Each structure stands twice: as structure tokens, then as C-alpha cells.
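Here are a few exercises to work through with the model open beside you. Each one sets a task and then walks through the solution.

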Amino acid sequence: MAAASAATGRSGRARAAAAAALVLCAFVHFPFARVDPRDGRAHFDFVYDDADFVTTNASIRSIPRALEAFAQPFPPDQPERGLYRPLTNLSYAIDWAAFGESARGWHVVQTVLYAAVVLLAWALARAWFPGELAPFAAALVFAAHPVHAEAVDSLAARSELLALGFALASWRLFDASTRPGAPRARALGALSALAYGAACLSKETGALLPAVLVLALLARDGAAGGAARFARRAFDAVSLHVAVLLLYLAARLHVLGGLGPAAPVLAGIDLHTRIVTIGAVFAEYARLLLAPTTLQLDFYYQQTIGVPDAWSLRAAAGWAAIALGLGTFGLAATRALRGAPTALDTPRGAAIAGLGAFFVFLAPVSHVVGIGALMAERFLFAPSLGLAFFAVAVARAAGRRWIGDERARRAAAAAALALVAVLGGARSAARAAEWRDGVALWESAARATPGDYRSYVNVATHWIARGELDRAEVALVRALELAPGDRAVLANLAVVHLERGRLDAAEAIQRELLAADPTSFLAVYNLGQIALRRFDDTRALELFERARALNPNFAQAEQLIGEVEERIAKARRFVAENERAAERGDDAQLLATYARACRIIGDVACAETYEARARGLQR
């Protein structure tokens, strides 16, 4: 009795220690204030795709509008992306309600979500591996990986966290519901299907989970009754998930009218070039998983990999790695289907479920089907989970084979895990800090790809937001050297002119941009900003309404329309209430204010008359 109590106590302490360590590992990404020595301030920014998904996305400005987005693309004004992620959009609306434009609060939520994903990974690992050390090791190898920085620290990658979190919850519930004699099996299976639906509505990758569940079932229980019997059992086990998948696909087709982006990155290329590109991309993914020393934006991979049309060592190595991984998985799965014994925590079972999950989750971004980006680190978030579990299973089997003493094995495992935690945590923390600071992120990109003008344009945007106009102008001059006449560069240069009070120069650029692209809602919006600086609110309101008509989901235009309407109404009241006092004309300050109010409501003659009378009194 005492021995059982002691064992229970040790198990409880081990669970508590594992949970604490994993949560702390996730908090490597926590947005602690780091002061920038250049200005003595801590910066928490919205960066990169946050502009499309968060800061300009009007559909997240209220919960009702976010619920309407369940019938819209993501984001609503960009159907060409081919994305349908209403649950992610709703999570943004909740953050907006809580934090508004304070990016630090959003980053805190990202960290909490990552901690939840890590703990769900640990819960799944406990069902996968016996004991306490192996589940902890599997979850830690996953949690500490630096390649997760983009998924965790980029707000635009919220979908990765939600999709994998719901997928892990669904997987764990599925595992519990399919064990022999499981109590409340039907209820658990229904909850698993519900969580799977949430994963689908968070990101497209979640839709692939039923294939992973079937592989996990095969890895855990084998197919002693034959492949046909296993197929029937597997279909029964995932039938609710398949029904959810069909509903999701129907909703997606209804909203988007298709399954992919309007312009896939490899659209129109020949089969040979696609095959070479797949190999080159996979080789870089393998490098990121094994040696993530360089972590960058997808711009970096576009430049360093591109779309090669000739075989290279990189492409050949990528296909060799694909063949090795798929061969290992295929051999293990074939043997299991032929009746060979298997279990999740054995190398064979881990090859089926772990490597299987890796390849299934990687399939949508492998260019077998069309996608909108060449590659990105966030694409490895879900696949890396299966690879982490496979690696721990193989390491565990190797340790048992080559290290006979159990205490020596545990010491070796502890040392290896400590190394993973320290190296992975340090690299993750360094990259996380860059993702939260727009200047640091784009300066890092500029160092990695000095010939890409986009890095300088984007760093200039953040310098402008911080009021550092000299630094912004230096970055834009460099961008113009690399891309003369580029519209994005000119648009930012116009903003610098606007902030410096050079209204005529700013207007000239914006009108040039609008002439080149009459549908540019940003150019129209910026012309409205110039009109505001000239106190021509009536004209500004017209321009903001035009910008909103061009892009109904443009949050800034919508916000300013309300503000300008209120300002015009106040100016009208002021003119009406002070008409007699202005006519008397004995107070220069009142006349100047009255003239400005006239200008705001669009009465130019009134404004010019009272401006002249105010100047006369001031003389």
C-alpha cells in the first residue's frame, strides 16, 4: 500500500514537473519588454501579414461582424488568397475587443495558445509512450524547436496554433474513444469530430486530420484481422470526421467557389520544373528541422531557392530525403497491414503514426497541389509534431539497445533534453524578439537578402510609425536604388512627405499612383489624409468613402469616416452658434477658428473671407 502511494506521488510530481517545464518552454516566446537602445523604448508591433489579417481587417472590429465572416473569405477583401478561416478571424475579433491596437496583448495570447498546444502535445504523448520521461521528451522536442517562431510570434500565423491545438484535442479524444472497452466511446468520438471541425475552420491543414487518425489507429492496434477488416474498422472510427469534412468542403466551396488560391505560386510551370522545385523546397525544410540556424521570412526562400528548372545537389538531396522518409513509413505500414505486430511507442508504430503525420500535414504545402507561397517556416509547425514523436521513439529504442544500464540511459536522455531545451530555447527567444519588433524583423531580412527592396520598404514603414522620418527616408532611398519607380516605395515616400508637411509633394505622388491604378484604395485613402491636413474635411470624407467603396473591409477608412463626420457636424454647430459673433469681427482668434470651421464644412468662400478679416485684425 505504501509502495503504491509512493509510486503515485512520484508520478504526480513527475507530471507536475513536466507540465511546468513545458509551459516555461512555451514562455520563451512571452513578450517581455526589451528596450531598443536606439530610442529607449520597448516595441510590440503588428508586422508583415498582420496588416491584411489584423490592422486593416474591418471584419474583426466587432464580434457580430466576425460572425458574419463565417460566410466570407479570409480576409473578406482578399478572396484571391483562397483562404477560409472564420474561427481564426473570430479569435482576432476577441483580441481586438480586449486589446485594440496594443500588439503586446495579442502576443500574450499567442504565447498562451502555444502553451496550450504544448500541453495538448504532452497529453497525446502520454497516451503514446509509457512512463513519464518519454512523453515529456516528445513534447519538449516539439516545444523547443526554433522553427516554430513564426507560427507563435507572428500574429498572422494564429491559424497554425488554433488548427494544431484543435487537431491535437481531436486526436487525443479519438485515441480514448477507440480503445477497447472505452467508456462513453460515442460521446468521446463526437467530441473528437467537433474539435476536428474547429481545426478545419481555423486553417486548411486541419482538414487532413482523419488520415492521421487512421494511421495512428494502425500504428497502435495493427491489422491482425487483415487489411480489409482494418479498413472497415478505420472507416467506422472516422465516419463522423468524414461527415464533418464534407460539410466543411461544402461551406468552403460555397464561400470561395474553389479549393485553392487564384494564382498558385507554381501556376503554369512544367512537370519537370515542379519536381525539381519540390526537391529543393523539401531539402530546405529538412535543413530547417535539423539545423535551424537561419530563420527568415518567406522572401528569403524565394530568393535563395526560387523555382529551379535544373537539377542541383539541393534538389537531389531533397528527393533522397523524401524517398527515405516515405520508404520508411511505407515499409512499416505495409508490414502492419500484413499482420506484423506494432505499437505506438515502437519504431514501427512511430514510423507509421509519426512519419505519417509529418508527410500528411506537409502534403498541402509540398506543391503537389497549388498554394500561394513557395515555402515558409510556419508550414512546418504541424508536421514537426509527428517528426518529434518519431525521433523520440527511435532514440528510445536506440538507447535501450546500446546503453544497458537504465540509470545511464536516463542520464544520457536528461543531458540530451537539456541541450535541446537550452539551444532551442535560446534560438527561439532571439527569433521571437524579431517577430515582435517590426524594425528588427525587416532589418534581419535586409541583412539576409540585401538585394530585395521589399525589406527596405517594410522597415521604412515601421520607422515612419515610430516618427523616425530620417531613418525611413534612408531606407526608402535604398529601396528606390534597387527598384526605381516601384509603387510601394513611392507610396511610403509620399507618407514621409506628408509627415514632414510637404503636402504638395505627397499629393503629386499619390495622384501618380492613382493614375497608374484607379482601383488603389490606399492611394485614395492617402489623398484623404492630405485633405485632412489642409482642413478640407468635406473632400477628405469623399475620399475616405471612395476608399471604403473600393475596399469595404478597409478598417482605417471606415474609422476615419466616422471621425470626420463627427468633426464636420461639430464644425457646422460652431458656425451656426457663432455666426453673429463672427459678423461683428472684433476677435481675431474667434475669426480664425470660424474660418477653419468653414473650411472643414467645405465653404471655401466663407473660410477665405474670415481668414482675411482675422489677418487684418492681427496687423
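**Exercise 1. Classify how helix 14 and helix 15 are arranged, and list what makes their contact.**

Helix 14 and helix 15 are oblique to each other, where oblique is what remains once angles under 35 degrees (roughly parallel), over 145 (roughly antiparallel) and 65 to 115 (roughly perpendicular) are taken out. Before the steps, a word on the source: this is a predicted model, in which local features need pLDDT of at least 70, side-chain atom pairs count only at pLDDT 80 or more, and totals for chains, interfaces and linings use all residues. Residues are numbered from 1 along each chain as its sequence is written, and side-chain values use heavy atoms, with hydrogens and water left out.

- Step 1: find the helices, which are DSSP runs of H or I with at least four residues (strands: E, at least two), numbered from the N terminus. Helix 14 covers residues 313–337 and helix 15 residues 347–362.
- Step 2: get the angle. The axes come within 8 Å and cross at roughly 130°; they are lines fitted to C-alpha atoms over the stretch in contact, with angles from 0 to 180 degrees between N-to-C directions.
- Step 3: collect the contact (heavy atoms within 4.5 Å). Helix 14 supplies residues including Ile-322, Leu-326, Phe-329 and Arg-335, while Arg-348, Ile-352, Leu-355 and Phe-359 are among those from helix 15.
- Step 4: sort the residues. They split into 10 nonpolar, 3 polar and 2 charged, with Ala, Val, Leu, Ile, Met, Phe, Trp, Tyr, Cys and Pro as nonpolar, Asp, Glu, Lys and Arg as charged, and the others, Gly among them, as polar.

**Exercise 2. Pick out the residues that touch the most other members of the largest nonpolar core.**

- Step 1: define the core as buried (under 20% relative accessible area, 1.4 Å probe, protein chains only) Ala, Val, Leu, Ile, Met, Phe, Trp, Tyr and Cys residues joined through side-chain atoms within 4.5 Å.
- Step 2: among its 71 residues, the picks are Tyr-114, Phe-129, Phe-142, Trp-171, Ile-352 and Phe-389.
- Step 3: look for the top contributor. That's helix 5 (residues 103–128), with 9 residues.
- Step 4: zoom in on Phe-129. Leaving aside residues up to four places away in sequence, Phe-129 touches Ala-134, Pro-135, Ala-138, Asp-345, Phe-389, Val-392, Ala-393 and Arg-396.

**Exercise 3. Track down the backbone oddities in the loops.**

- Step 1: check omega. Phe-74 and Pro-75 are joined by a cis peptide bond, with omega about -15°; Pro-75 sits in the loop between helix 3 (63–68) and helix 4 (86–99).
- Step 2: check phi. Tyr-48, a non-glycine, has a positive phi near 55°, and its loop runs between strand 2 (41–42) and helix 2 (50–55).

Methods
Buried means under 20% relative accessible area, exposed over 50%, partly exposed in between (1.4 Å probe, protein chains only).
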